[in-house]
Amino acid sequence: MKWGINLLLAVLLLTGCNGSHTYTKINKDEAFLATVNIKDTSLTFIDENYHPFADWDIAEPFTGALLLADKDTMLLYGKEMENVQVYSLSAGKRIRSWKTGKGIVNMQLLHDGKSIAAVNQSDHSIYFLNDQGEKQDVVKVGRSPLTVLQGGKANRLYVINFGDTKCTVINLTSKKVDFEFPIHSSSTGTLLREEKDEIWIGGHGDGDRVEEDLYIYSASTGQLKKKLKAPTMPIKFLESGEGIYVLSHGTSSLYKLNEQYEEVERKVVGVNPFEMASFKKDVVVAGYDSDEIYVMDAKTIDVKQTVKVGEGPFQLLLRE
Amino acid sequence: MNDKWQSLTFKLWLTIITAIILSVLFAYSLSQYYYKNLYVEKLKTDLVNEASLLGADYTGGEISDDFKEKVEWFNSKNESEVFVVNSPRELSACLPFEINYDTLISEEERQMLLDGRAVEKEGYEKRFGKNIVAAIIPLIDDEDRLEGIIYTYIPVDSITDLLKEFAAKWLLAILLFLIIAIFLTTKWLKKLVSPIKEIETAAHRVSEGDYDIQLQVKSHDEIGKLAQAFNDMANSIHLEEGRKKEFLENVAHELRTPLSYVKGYTHAILDGVVKNEEEERKYLQLISREALRLQRIVGDLMDLSKVDGDSFDSSKTPIAFAQFIEDVLSKYEPIIKAKQLNLAYELDPDPILYGDEGRMEQILHNIIDNAVQYTNPGGSIQIRLVQYNEECELSISDTGIGIPKADLPYIMNRFYRVNKARSRFDGGSGLGLSIVKKMVEWQQGRIEIQSKEKIGTKVKIWLPTIKEE
């Protein structure tokens, strides 16, 4: 009997420990680049000198992370997760859970720094949450929305519906659908250039067709303005003072374009890369299959350095 | 009905049929095992080898058309289907995005290939709409990119169909085989068990007193031997029963004769047939003699019954045999003298027996009585005692009338007489020698009688002795 009680206590203790698992604390003033590794559900934190300094191994099937305006609160979400988990980087532990239900595949902090757009694929809608995780508005969009992008000028949210052939544009003031325009299916990856009235959309291609092009639509009307060759499967865009970068995972190619949409550089980089970001004037690409990040010179797109991270880096999280 | 389930036939039948069914099942599983483990595994190994050989030609970088053409050429000449795939879509490169497309390889397989391992598959492939055995090897460039794969497969539908057809035919054959096996087994078991049933019936008949029954021994196996043993047993019982009957007849006969004398003479006296006192005395002497005779027969019978029944009342003591014989012989001196016989003896003083004095004396009496009785006046009796290692030999020989050769084997049987006329005057009860034999055997000894008609008889007895301390 006594033995049984001891065992029960031990189990309770262990479970308790698990609930308040503490990870390496991340100083508030430390700039970092973190990879969201979805194969082993971990986060690898890398400092400004590209040295990994922390590894958070999280026992939840999360597929993405979002850093809030305080630069310390981090949200972890995943399609199979019932709750969005809220972590404090400086405390190195989970501090809250937001009950959202399953289906969250993407989260974006809006420009006001308080509202969050959460993309829910289970009911094909966008949830607008406040910074306490409370649902403010829900807007129905097309099938399987995935990518969202906020336009500052017209205060709009562009929703790329991955499983549909349309892009839904939401008026953020009224939280109503402004308009929709047709796009190619299995689209993902966007770049909004409001001053040029352009929205760039990439994709994987439909069925057995492998996407070779990226599409430029009018941001205000949805009119297809241009198609650019970027074989194969362009899924990530990045614009900086140096130019526009296009990442195609099918051929692990990185293209650098100038203002005239001309290809100025082209490199094979990474192994099946899905993610790209600009960090400290460098361009960083995450190789999903090689579990590495590739640090490239923004000008020449030559790989300067590679850093080994957790398994399956799928997203990059920056704090500068 | 219940008997039927408990019968030996049913049990044997069940055992044999179970064994057959188990063997059949075992054979079937074995064939399946061989198909799976030998054929399919070999196929997989061959496919992996084949794909690996082709893959060895891949030199890195983007997969060239030249390489694809080479593989295509090989495919056209080859038995198995071989092709190169480099579409990232087919290679599940778009995971973790949920593309609505059935890719050629799964996420796990992609991971295996990325790790440089070959993938082996077996089963139904939706893409080809058939059952296949396949091997996939990765084409990985220097920077660990999965540029493509070599996919090779062999449809096994034909083999599966063949196996199914085989299984169906096999099942039919098994069914037929089982029916025949059940039929033959039943018949054979019936044949096998029928002698046992015959023995059972015969045993019942024997228990009811029918000893004439003889089973036909058809085989030389255990059952045949059992039947033979049964026959022997029935014969023995029959013989014993006959002997018992004969013995009782003999007893009755032996008792009846003296009783008739007693009865006759008594009546004669009582009826006053006797003429004078002398005659009456003669009659009374005859009655007395017959009464003595009756007493002796009854005494002998009792001894015999005791020896037979192992209830022999005995008190064993060490006996100095030579002295013992001399003492017995001294009692015979008057009779021998009267009958004018020569008695010679040569007795080794060594033998010491451990036996019952009364019984030993009876043995000697019975033999010497016979010797005296059947030796004519002027004849001689010789007695000899010799000690051997652990036993002594006593031989008593006479020059009497001897025993005919034909009678010799039966001389020690109860009531057996050489003189079938059963003269009351020359014979005893007919039990003497059988009693001697029983008593010698009871003392762990043995007896032998040698005889020649008109020359003489020699009785030899061997008895175990004890060593002098």
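In the predicted model, strands 22 and 23 of chain A form a hairpin with five residues between them. Within that turn, Tyr261(A) has a positive phi of about 65 degrees. The two strands of this hairpin, strand 22 and strand 23 (residues 263–268) of chain A, are antiparallel and are paired over five bridges. In this pairing Leu254(A) is found opposite Lys267(A) of strand 23 of chain A.

Strand 22 of chain A also takes part in a hairpin with strand 21 of chain A, here with four residues between the strands. The turn again holds a residue with a positive phi, Ser252(A), at about 50 degrees. Strand 21 (residues 243–248) of chain A runs antiparallel to strand 22 of chain A, and five bridges join them. Leu247(A) has Leu254(A) of strand 22 of chain A as its bridge partner. Leu254(A) therefore has a partner on either hand: Leu247(A) and Lys267(A) of strand 23 of chain A.The surroundings of strand 22 (residues 253–257) of chain A were examined next. Five of its five residues are buried, so the strand is largely enclosed by the rest of the structure. In a regular strand, side chains alternate between the two faces of the sheet. In strand 22 of chain A, Ser253(A), Tyr255(A) and Leu257(A) point one way, while Leu254(A) and Lys256(A) point the other way. The residues of both groups are buried.

Elsewhere in chain A, four strands form an open sheet in the order 3-2-1-28, with antiparallel pairing. The edges of this sheet are strand 3 (52–57) and strand 28 (313–319) of chain A; each has a single partner strand, so one side of each is left without a neighbour in the sheet. From one strand to the next, the twist averages 20 degrees. Six bridges connect strand 1 (residues 32–37) of chain A with strand 28 of chain A in the antiparallel sense. Across this pairing, Thr35(A) is positioned opposite Leu316(A) of strand 28 of chain A.

Over the whole of chain A, the secondary structure amounts to one helix and 28 strands. Of the 320 residues in chain A, 42% are buried. Among the contacts in chain A that link residues at least 6 apart in sequence, 36% are between residues at least 24 apart.

Two loops of chain A show particular backbone features. In the loop between strand 19 (224–229) and strand 20 (234–240) of chain A lies Thr232(A). The peptide bond leading from Pro231(A) to Thr232(A) is cis, and its omega is near -25 degrees. A second loop, between strand 24 (273–279) and strand 25 (282–287) of chain A, contains Lys281(A). Although Lys281(A) is not a glycine, it has a positive phi of about 70 degrees. Lys281(A) counts as exposed because it has 11 C-beta neighbours inside 10 Å, and the cut-off for an exposed residue is 12 or fewer.

In chain B, a positive phi of about 60 degrees occurs at Ser92(B), which is not a glycine. Ser92(B) belongs to the loop between strand 1 (81–85) and helix 4 (107–114) of chain B. With 22 other C-beta atoms within 10 Å, Ser92(B) is buried.

The packing of helices was also examined in chain B. Two packed helices are described by the angle between their axes and the distance between the axes. For helix 5 (residues 157–207) and helix 6 (residues 222–270) of chain B, the axes come within 10 Å and cross at roughly 10 degrees. Helix 5 of chain B and helix 6 of chain B are therefore roughly parallel to each other. Helix 5 of chain B contributes Pro195(B), Ile196(B), Ile199(B), Ala202(B) and Val206(B) to the contact. From helix 6 of chain B come Ile223(B), Leu226(B), Ala227(B), Phe230(B), Ala234(B) and Ile237(B). The residues of this contact comprise eleven nonpolar, no polar and no charged.

Helix 9 (residues 357–374) of chain B has 18 residues. From its first C-alpha to its last, helix 9 of chain B reaches 26 Å, close to the 26 Å expected at 1.5 Å a residue. An α-helix has 3.6 residues a turn, so residues three or four places apart point the same way. The buried residues of helix 9 of chain B include Met360(B), Ile363(B), Leu364(B), Ile367(B), Ile368(B) and Ala371(B). Arg359(B), Asn366(B), Asn370(B) and Tyr374(B) of this helix are buried as well.

Finally, the two chains touch each other: 20 residues of chain A are in contact with 15 residues of chain B. On the side of chain A that touches chain B, the residues divide into five nonpolar, 13 polar and two charged.

Notes. Residues numbered from 1 in each chain as written. Chains lettered and ligands numbered in written order. Predicted model: local features only at pLDDT ≥ 70, side-chain atom pairs only at ≥ 80, totals over all residues. Pairing = 2+ DSSP bridges. Axes fitted to C-alpha atoms, helices over the stretch in contact; angles between N-to-C directions. Expected span 1.5 Å × (residues − 1). Buried ≥ 20, exposed ≤ 12 C-beta atoms within 10 Å, placed from the backbone. Parallel < 35°, antiparallel > 145°, perpendicular 65-115°, else oblique. Contact = placed C-beta atoms within 7 Å. Nonpolar A, V, L, I, M, F, W, Y, C, P; charged D, E, K, R; others polar.
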